Amino acid sequence: GAGIFTALVGADVDAKPRVAKLLLKLTSRGGTQSQREIPFKIKTKAFRKESFNVPPDFDQMTPETLEEIRRERELFARAFAASAPERLWQAPFIRPVPHEASASSFGSRRIINGVPRAPHSGTDLSSPAGTEVVATNYGRVVLVGNFFFAGGSVVLDHGGGLFTMYFHLSEFRVGEGSMVSKGD
């Protein structure tokens, strides 16, 4: 409605419980600027823990593999650093596949070969091989490639620092720089 705004505010999976403050900067149509601090509460969240083992060649990286991973992180960082300033998406977002989130979803704490690792920071929507994956919303494709941990990947920029990442894909039907519509 008129005068009502909605925002999506993400908190890091490792954020500690506390009262945080959001700084809202406003510019009226007439150009008048103001700002307001809005407090919000970050609550404690208990995430699942999962332990599993992988072959040593996947867990213990060679210097060459570590260099490959470093290069890949730089590619992702560059993609995330260049988000379109304007909002490209339109509510609502749609599911990229018709399947529900898997048990190994956001925030789960992974222990691999007995060693605690970074928490899982995505939501897995596992699907059978060959399932078509669609764009959750309008945006620009900012990264396409095969990566060590993520496999076949596409990163879609929805503008304003909001991205959708599609991992473990078997093929691509889109290239970097392409504009996509919801459902493509």
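This passage looks at two buried residues and one pocket in a predicted model.

Let's start with Glu-50, which sits in strand β3, a stretch covering residues 49-52. Its relative accessibility comes out at 15%. Buried means under 20%, so Glu-50 counts as buried. The side chain of Glu-50 also has a partner: a polar contact of 3.5 Å links it to the side chain of Ser-108.

Next up is Val-134. This residue belongs to a loop, the one that runs between β5 (115-116) and β6 (139-147). Val-134 has a relative accessibility of 17%, and because the cut-off for buried is under 20%, it goes down as buried too. Which residues does Val-134 touch, leaving aside those up to four places away in sequence? The list is Ile-94, Arg-95, Pro-96, Tyr-166, Gly-183 and Asp-184. Arg-73, for its part, is 61 residues from Val-134 in sequence, and the C-alpha atoms of the two are 25 Å apart in space.

Now for the pocket. The second largest pocket in the model has a volume of about 460 Å³. Its lining is made up of 14 residues, and those closest to the pocket's centre are Phe-5, Thr-6, Leu-24, Lys-25 and Leu-26. Which strand gives the largest share of this lining? That would be strand β1 (residues 18-27), which supplies six residues. Sorted by class, the lining of the second largest pocket holds nine nonpolar residues, along with three polar and two charged ones.

Terms used
Residues numbered from 1 in each chain as written. Predicted model: local features only at pLDDT ≥ 70, side-chain atom pairs only at ≥ 80, totals over all residues. Heavy atoms only, no water. Helix = DSSP H or I, 4+ residues; strand = E, 2+ residues; numbered from the N terminus. Buried < 20%, exposed > 50% of the residue type's maximum accessible area, 1.4 Å probe, protein only. Polar contact = N/O pair within 3.5 Å; in protein donor to acceptor, adjacent residues only side chain to side chain. Contact = heavy atoms within 4.5 Å. 1 Å grid on protein atoms, 1.4 Å probe; cavity = no way out; pocket = protein on both sides within 12 Å on 5 of 7 lines; lining within 4 Å. Points joined across faces, edges and corners; volume = space filled by probe spheres on them. Nonpolar A, V, L, I, M, F, W, Y, C, P; charged D, E, K, R; others polar.
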